[in-house]
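Dear colleague,

I am passing on the structure we spoke of, and I would be glad if you could look through it alongside the notes below.

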Amino acid sequence: MRAWLERLEREQGLDTLEAKSRRGVIASFAAVALLLLIGGIQLMAQSENSGLLPLLIRLLPIALFLPAIFTRRARGHVWLAFVSLLYIMQGVMLAGVPGHSVIGVLEALAALGLFISSMAYARFRSRNLKRQPQA
């Protein structure tokens with residue numbers, strides 16, 4: 001895997017790979033957030049007296065990583081990848097619930113995309129920063 005990544009870095013360049021992985025992070029983050037919003041609204045509709053709590057519980061952990069995404073911090077993207085593993089598990093569990101299988105599979109796939117793109121971005125960003133001369 002390491003040899004493949006290093007070959008990819010030589011062929012495409014770190015700047016290109018960093019930009020592509022950042023687009024992947026943003027797209028998959030938006031997909032996960034949208035699916036969590038839809039799932040939270042479904043949970044709110046099923047229970048009459050829960051209020052916004054199901055929606056907040058689902059969206060708050062991932063929303064905490066917005067500053068790391070906007071500031072392009074590699075370490076924040078690593079932590080985002082770790083948290084996305086929780087959403088993969090949640091999506092897989094939700095896929096087993098009758099009537100929620102489609103949204104569960106979509107959530108697991110979107111979170112998997114978030115995991116892969118976040119880890120890739122963290123790698124390419126940190127290697128790119130090490131390569132640049134210090135001011």
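What follows describes the overall make-up of the chain, then the packing of its helices, and lastly some side chains.

Please keep in mind throughout that this is a predicted model. The chain has six helices and zero strands, so that the order of elements from the N terminus reads α-α-α-α-α-α, by the DSSP assignment of helices and strands. Taken along the principal axes, the box filled by the C-alpha atoms is roughly 60 × 30 × 20 Å.

The packing I looked at involves helix 2, helix 3 and helix 5, taken pair by pair. For helix 2 and helix 3 (residues 53-63), the axes come within 8 Å and cross at roughly 165°; since angles over 145 degrees count as roughly antiparallel, that is the description that applies to helix 2 with respect to helix 3. The crossing in which helix 2 passes helix 3 is right-handed. On the side of helix 2 the residues that meet helix 3 include F29, V32, L36, L37, I41 and M44, and their partners in helix 3 are P54, L55, R58, L59 and I62.

Helix 2 also meets helix 5 (residues 74-95), with axes that come within 12 Å and cross at roughly 40°, which makes helix 2 oblique to helix 5. Here the crossing is left-handed, and the residues that meet are V25, F29 and L36 in helix 2 and H77, L80, Y87 and Q90 in helix 5.

The remaining pair is helix 3 and helix 5, which pack at an angle of about 155° with their axes 10 Å apart, and which are therefore roughly antiparallel to each other. The contact is made by R58, P61 and I62 of helix 3 together with L80, Y87, Q90 and L94 of helix 5.

Turning to the surface, L34, L37, I38 and I41 form a nonpolar patch, and together these residues have about 320 Å² of accessible area. L34 has its place in helix 2, which spans residues 14-46. Two members of the patch, L37 and I41, are also among the helix 2 residues that meet helix 3.

As for charged side chains, the count comes to seven salt bridges. One salt bridge is formed by E6 with R2, where the closest N and O atoms are 3.9 Å apart, a distance to be read against the 4 Å cut-off for a salt bridge. E6 and R2 are separated by about one helical turn, because they lie four residues apart in helix 1 (residues 2-12).

With best regards

Note on methods:
Residues are numbered from 1 along each chain as its sequence is written. This is a predicted model: local features need pLDDT of at least 70, side-chain atom pairs count only at pLDDT 80 or more; totals for chains, interfaces and linings use all residues. Side-chain values use heavy atoms; hydrogens and water are left out. Patches are made of residues with over 30% relative accessible area and no salt bridge: like charges are joined within 9 Å, nonpolar side chains (Val, Leu, Ile, Met, Phe, Trp, Tyr) within 5 Å. Accessible areas come from the Shrake-Rupley method with a 1.4 Å probe; for residues, only the protein chains shown count as cover. Axes are lines fitted to C-alpha atoms, for helices over the stretch in contact, and angles run from 0 to 180 degrees between N-to-C directions. Angles under 35 degrees count as roughly parallel, over 145 as roughly antiparallel, 65 to 115 as roughly perpendicular and the rest as oblique. A crossing is left-handed if the near helix is turned anticlockwise from the far one by less than a right angle, and right-handed if clockwise. Contact means heavy atoms within 4.5 Å.
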